[in-house]
Structure formats: C-alpha cells, structure tokens
Amino acid sequence: MSYRKSAEVENLKMIHTFHGRISRKLLLLFNTINNFIKMKKMIFSLLAIAATMNVMATNFSAKATLTLTTSDASCEIVIAETNDNPASLCAPMNFTGRDIAIYVKSAGNKYELFATNNLEEIELGLMTDAKTSYTLEASDVEGTPIRIKLLDGTIFEATEGATTTFTAQASQAEITGMMVNPIEPALCHQYGHLIIEAHQGESLVVTDMAGNEKINIASLPTKHEVVELTTLTAGEQYKVILNSADAVIIRK
C-alpha cells in the first residue's frame, strides 16, 4: 500500500510540475501576445499622431468646409489650396448611403476631400434627392475666401459661417455647372498689352479705325491671355473685336 501511495504521490507531483510548466509557457505566450498587441496599438497611435501633425503642419493659401443640406439630408466636403503635397490630402467621395452629395470633379474622379495648388475653375458636381431647395454653408475657412459659382451663375463668397440657398433639379444622379473660383470674363488694355480673361477658344481681331486688320488670333489658347501690341502705332486708335463682336476702342 505504501508503495502504491508513494507512486501515486510521485505521479501527482509530475502532473503538477507538467501543468505548472505548461501554465508558465501559456502565461509567457499570453504576455508576449499582449505586449505585441500593445506595441501595435502604440505604433498605430504614433502613426495617427504623425498624420495629424502632418495635416496640422500643412500651409493652406485657401481652405473651406462646404456643407450641403436639405430638410433631412446633408453632405460635407473639404476643398483646399496648398503647395504642401496636395495629392496626399485627397480622398474619393463615398456615395454609400447618401441621398444627396456635393463633390469635386477632377480628372474623371469625384472627391469629398480635395486639395490642389490652384483652385481656379475647379468643377463641382451635385447629386440630388426629391428636394429642389438646397442650402450651402461654409465653415473652417482658412486663407483667401473661396468663391463658388452656383447653378444660376451667381457667386457665393465662402467666408466663415456664410450660407446661401439655391434651387436644383430633383432626383438627379449628377448635376454640373457649379465651380470653385471661376475666372470672370474680362478685357482690358494696360501698358501696351491686351489682357484677356476667360475667353478661351474665342477669336480676337484688332483693326485700325479704317478697318485694316493688324492682329488676328483665330482661337485664344488659354483662359489667361496677354497680347502684345508692339506692332501698333503709338498715339493711334484701334478697334478690338472679340469673338466677332466690337468690344473696345483703344489708343496705343
């Protein structure tokens, strides 16, 4: 009996020792996994802080949050102008679950976060629901206030807290015609030059007062054009004809 008891005791000791070793290994494994998870959390936290600091460090020459709302739906976008790697600040529009949307259209893509080094004439798109009345509000404005051309052609100055209400066709997947910082059409004569804004593709003809043609540009190539008048005679009057319509009389 004593031998059996002694063997049983030894067996119990061995089992206890084995279980103890397994428990210690499991505990060590658990602590290793737990420390790894903590380390990953710390790394992700550091990455998030770095990303936040990077955004905060961005210098914006212009920036605004635009919020489109109806009586029961809303959509928010951010547009910005910066030279600090603007492409890294862009994000595509997520249309999932949206009833309405406002977004930037650029290079065939649609964005809810959009940054560029030049916000001039950036196109905006709309998605509408059954409503026809929409409100647009500007917030978090930095730098030069952004100007928005609305569907009716009026200009909304997106200063901090500014709002405007406009009408749009109901239940449309896409409505175009809105624009960020549109160029205003202009034609002026300064320091021996013709300065022409927003007449791209139009024709320009300059004649003397007898109708003799002095300059002829069949199609203005860009939205910003400066035309030299060095071939004209100082002190003489000339007629500027823009897109086949008499525009101004100038004196060289």
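Two strands count as paired here if DSSP finds at least two bridges between them. Keep that in mind for β4 and β5. They pair in the antiparallel sense over 3 bridges, with β5 covering residues 109–116.

One caution before the rest: this is a predicted model.

Now the overall picture. The protein has 1 helix and 18 strands. It has 252 residues, and 32% of them count as buried. Take the contacts with a separation of 6 or more: residues 24 or more positions apart account for 59% of them. The exposed surface is about 15400 Å², and carbon and sulfur atoms supply 55% of that.

Back to β4, residues 101–106. On the β5 side, Val104 has Tyr111 as its bridge partner. The hairpin of these two strands has 2 residues between them, and Ala107 there takes a positive phi near 55°. β4 also pairs with β6, residues 122–127; that pairing is antiparallel, with 5 bridges. Here Lys105 is matched with Glu123 in β6.

Next, a second region. Three strands form an open sheet in the order β12-β13-β16, with antiparallel pairing. Why does β12 have one side without a neighbour in the sheet? β12 (186–190) stands at an edge with a single partner strand, so one of its sides is left free of neighbours in the sheet. The same goes for β16 (224–228), at the other edge. From one strand to the next, the twist averages 15°.

Look at the β12 pairing in detail. It runs antiparallel to β13, residues 193–197, and 5 bridges join the two. Ala186 stands opposite Glu197 in β13.

Conventions
Residues numbered from 1 in each chain as written. Predicted model: local features only at pLDDT ≥ 70, side-chain atom pairs only at ≥ 80, totals over all residues. Heavy atoms only, no water. Helix = DSSP H or I, 4+ residues; strand = E, 2+ residues; numbered from the N terminus. Buried < 20%, exposed > 50% of the residue type's maximum accessible area, 1.4 Å probe, protein only. Contact = heavy atoms within 4.5 Å. Areas by Shrake-Rupley, 256 points an atom, 1.4 Å probe, with all protein chains shown as cover. Axes fitted to C-alpha atoms, helices over the stretch in contact; angles between N-to-C directions.
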